[in-house]
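I opened a fresh notebook page for this one. Here is what I looked up, in the order I went through it.

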Protein chains: 2
Amino acid sequence: MLTQQKTFTQQAVAVDVVLFTTIEDTLQVLLVARQQDPYAGQLSLPGGIVEREESVDEAALRVLKEETAITDVYLEQLYTFGEPSRDPRDRVVTVTYYALVNAEQLDTAAGSWHAVEELSDLAFDHQNIVQYAQERLRNKLNYTTIGFQLLPERFTLTELQNVYEVILGQRLDKRNFRRKMLQLDILEETDEFKINGRQRPARLHTFRQAKGMKLQERGLVVTF
Amino acid sequence: MLTQQKTFTQQAVAVDVVLFTTIEDTLQVLLVARQQDPYAGQLSLPGGIVEREESVDEAALRVLKEETAITDVYLEQLYTFGEPSRDPRDRVVTVTYYALVNAEQLDTAAGSWHAVEELSDLAFDHQNIVQYAQERLRNKLNYTTIGFQLLPERFTLTELQNVYEVILGQRLDKRNFRRKMLQLDILEETDEFKINGRQRPARLHTFRQAKGMKLQERGLVVTF
DNA sequence: TTATATTAGTGTAGTAACGACACGAATTAA
DNA sequence: TTAATTCGTGTCGTTACTACACTAATATAA
């Protein structure tokens, strides 16, 4: 119950963002090196303090923009971590987000990409946060179309399958995968092909939102 | 990125809890009447400010205990709402939770139960929060076993089906429902029956956690 | 004691989704 | 022209899902 005072106990509220991309058949996250203590020199998620005049979602977008100069991004709130001991300096409640980008579209990133399977020694509880983001991503892949956020506008079905295999961590049957995707009625063939050296060219497709699968439940910022 | 200062911008962090139960074939939420402005006299979710020495989860449990004197409860974090304008007095970021109890086990509640389908004029953005909690509950019912949290330890299959029907908002086929539940291998027959007047008595079952369905992903406080 | 009203409890058949599986087509480089 | 590589396609068996109706067990009222 809210107290009768005009002001309440105050504490710092932060956002941290797990930005995923796929590079060469691995799932990668953007990390930045911390400049000062605590955890100086260690890698951490891009994050920052929520200012009083911005929403928490806006803070997450701002942090992403500061670190990567990207604005077109799938962004979804993940979980709020509120253990008093998670920041050694002061009580900081952090609202975490995860985001998906196609690495090709990224101009520059202040941080660097790291394979999620090879992370070690992240600052704070950021390793846990990445792991939870990965679980969420894996689950959502099965009943939404967020996977397309990791691809350019036009892509081959093999590229799409690679996204699914990388996130799910297992190989998929090519024919079954294509049958399932095509019958969702969310893909559109283009007249163009991707030429890949001395192989048969692969037809490029585009994604169009349709019935059957939903992209999001709430709170997402998406631009196509 | 965290600033170099030792202290950060501070703001109030609250928790609000959507406590669900089922009463007579309707889904109900616990609401309390606000004593003072803003929204004095209107109904609101039980909630409170997170103190500096407790985790956000602990704050949610504390609030529940203050309002209902219950401690054995399924509790799961829902979403964090951080629009600057959502509280007219001051910036308040609220971390919301939802909880499930069996109404029969509840001793006393400071608030009162209200059918979710008939809510109106809740304080703050609490109507949105209830609606989102209801969506989450509906989704989770399909791939977890949280539904059992709304039942006493021993229950009939018809009572179980009622829980599913009330949450999903649709009638289910009795034979298909029972076949599906039984083959999950999470129910145990007891030797006892529930006698319901001039009808055939119904066998009581108990729930036991098993493979196949998972109860939770993270952050839950559960006691059986 | 018998009849009636009410909910409990059970099986089948048709359909749709899923998983496993192999080969010809198109291209480039040698 | 040949070799190497990835693209793109269909079938069959199994499993899961949907729709659907009657008998069993009890309490009450006649």
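**Entry 1: a lysine on chain B.** I began with B:K65, which is exposed at a relative accessible area of 51%; exposed means over 50%, buried under 20% and partly exposed in between, with a 1.4 Å probe and protein chains only. B:K65 sits in helix α1 of chain B. Helices (H or I, at least four residues) and strands (E, at least two) are DSSP runs, numbered from the N terminus. Leaving out residues up to four places away in sequence, I found B:K65 touching B:I70 and B:T71, where contact means heavy atoms within 4.5 Å.

**Note to self on the model.** This is a predicted model, in which local features need pLDDT of at least 70 and side-chain atom pairs count only at pLDDT 80 or more, while totals for chains, interfaces and linings use all residues. Residues are numbered from 1 along each chain as its sequence is written, chains are lettered from A and ligands numbered from 1 in the order in which they are written, and side-chain values use heavy atoms, with hydrogens and water left out.

**Entry 2: a glutamate on chain B.** Next I turned to strand β5 of chain B, where B:E76 is found. Is B:E76 buried or exposed? B:E76 is buried, because its relative accessible area is 5%. I then checked its side chain for polar contacts (pairs of N or O atoms within 3.5 Å; within protein, one must be able to donate a hydrogen and the other to accept it, and residues adjacent in sequence count only if both atoms are side-chain atoms). The side chain of B:E76 meets that of B:Y98 at 2.8 Å and that of B:R136 at 3.0 Å.

**Entry 3: an aspartate on chain A.** I moved over to A:D125, in the loop between β7 (112–115) and α2 (126–141) of chain A. A:D125 counts as buried because its relative accessibility is 16%. Which residues does A:D125 touch, not counting residues up to four places away in sequence? They are A:F81 and A:R86. With A:R86 there is also a side-chain to side-chain polar contact of 2.9 Å.

**Entry 4: chain A as a whole.** I counted 4 helices and 10 strands in chain A. From the N terminus on, the order reads β-β-β-β-α-β-β-β-α-β-α-α-β-β. Of its 224 residues, 51% are buried. I also looked at contacts between residues at least 6 apart in sequence: 66% of those in chain A join residues at least 24 apart.

**Entry 5: where the chains meet.** Chain A and chain B each put 45 residues into the contact. The area buried between them is about 4,500 Å², with 49% from carbon and sulfur atoms; buried area is the accessible area (1.4 Å probe) that two parts lose on being put together, summed over both.

How many salt bridges are there between chain B and chain A? There are 2, a salt bridge being a side-chain nitrogen of Lys or Arg within 4 Å of a carboxyl oxygen of Asp or Glu. One of them joins A:D90 to B:R52, with the closest N and O atoms 2.8 Å apart. I also noted 18 residue pairs in polar contact between the chains, both residues at pLDDT 80 or more.

On chain B, the elements giving two or more residues to this side include β1 (10–23), α1 (56–68) and α2 (126–141).

**Entry 6: strand to strand.** Last, I followed β1 (residues 10–23) of chain A, which is joined to β1(B) by 3 bridges, the two running antiparallel. Strands pair if DSSP finds at least two bridges between them. A:Q10 has B:A12 as its bridge partner in β1(B).
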